[in-house]
Amino acid sequence: QVQLVESGGDSVQAGGSLRLSCAASGSTYSSWCMGWVRQAPGKEREGVAAISTGGGRTSYADSVEGRFTISYDNAKNTLHLEMNSLKPEDTALYYCAATKFRPCSDGYFPAPSDYSFWGQGTQVTVSS
């Protein structure tokens, strides 16, 4: 079993920055696909960013490309999401997710349905 625990969510003003973290424990893998998925009120979950933990290849949703950076600390089994130039439309519950069944080392950008393991979510609120 895999446990994912997010932290770092907060309320910020537009233009601000936040750093989300996700600690992975349990049956983690040396190379799997991890990512961040968000869900705003009344909307479906959408993928934000993904990373292949083995090779480090990343992919992003168009809406966050150039503003967000995903990274993975192999030594600490911790996933990060650096978010800059935040906009009110970034307001959402952000989930950490992972899957061993669909690699993303080829640049594949996982759909939320591709992920097998989920954290409980951390809230990000951006005010204008």
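The following conversation concerns a predicted model and covers a sheet, a nonpolar core and the disulfides.

Colleague: In what order do the strands of the open sheet stand?

Modeller: The order is β1-β3-β8-β7, and these 4 strands pair in the antiparallel sense. The edges are taken by β1 (2-7) and β7 (68-73); each has a single partner strand, so one side of each has no neighbour in the sheet. On average, neighbouring strands are turned by 15 degrees against each other, direction ignored.

Colleague: How many bridges join β1 to β3?

Modeller: There are 6 bridges between β1 and β3. Within that pairing, Glu6 has Cys22 of β3 as its bridge partner. Strand β3 (residues 18-26) also pairs with β8 (residues 78-83), over 6 bridges. Arg19 stands opposite Glu82 of β8.

Colleague: Staying with β1, which side chains point to the buried face?

Modeller: Val2, Leu4 and Glu6 point to one face and are buried, whereas Gln3, Val5 and Ser7 point to the other and are not buried.

Colleague: What does Leu4 touch?

Modeller: Leaving aside residues up to four places away in sequence, the contacts of Leu4 include Cys22, Met34, Cys96, Phe117 and Trp118. Leu4 is also among the residues with the most contacts inside the largest nonpolar core, together with Met34, Trp36, Leu79, Leu81, Met83 and Tyr94.

Colleague: How many residues does that largest core have, and which elements give two or more residues to it?

Modeller: The largest core has 31 residues. The elements giving two or more residues are β1, β3, β4 (33-39), β5 (46-52), β7, β8, β9 (92-99) and β11 (122-127). A second, separate core has 6 residues, including Val37, Ala50, Ala97 and Tyr115. In soluble globular proteins, nonpolar side chains tend to be buried together.

Colleague: Changing topic, how many disulfides does the structure hold?

Modeller: It holds 2 disulfides, and their pattern is 1-3, 2-4 when bonded cysteines are counted along the chain. One of them joins Cys22 to Cys96, with an S to S distance of 2.1 Å. This link is left-handed, with -75 degrees about the S-S bond. Cys22 lies in β3 and Cys96 in β9, so the pair ties together parts 74 residues apart in sequence. Both Cys22 and Cys96 are buried.

Colleague: And what does Cys33 join to?

Modeller: Cys33 is joined to Cys104, S to S 2.2 Å. That link is right-handed, with 110 degrees about the S-S bond. Because Cys33 lies in β4 and Cys104 in the loop between β9 and β10 (117-118), the pair ties together parts 71 residues apart in sequence.

Colleague: Is Cys104 buried or exposed, and why?

Modeller: Cys104 counts as buried because its relative accessibility is 3%, and buried means under 20%. Cys33 is buried as well, with a relative accessible area of 0%.

Technical notes:
Residues are numbered from 1 along each chain as its sequence is written. This is a predicted model: local features need pLDDT of at least 70, side-chain atom pairs count only at pLDDT 80 or more; totals for chains, interfaces and linings use all residues. Side-chain values use heavy atoms; hydrogens and water are left out. Two strands pair if DSSP finds at least two bridges between them. Axes are lines fitted to C-alpha atoms, for helices over the stretch in contact, and angles run from 0 to 180 degrees between N-to-C directions. A nonpolar core is a set of buried Ala, Val, Leu, Ile, Met, Phe, Trp, Tyr and Cys residues joined through side-chain atoms within 4.5 Å. Buried means under 20% relative accessible area, exposed over 50%, partly exposed in between (1.4 Å probe, protein chains only). Contact means heavy atoms within 4.5 Å. A disulfide is a pair of cysteine sulfur atoms within 2.5 Å.
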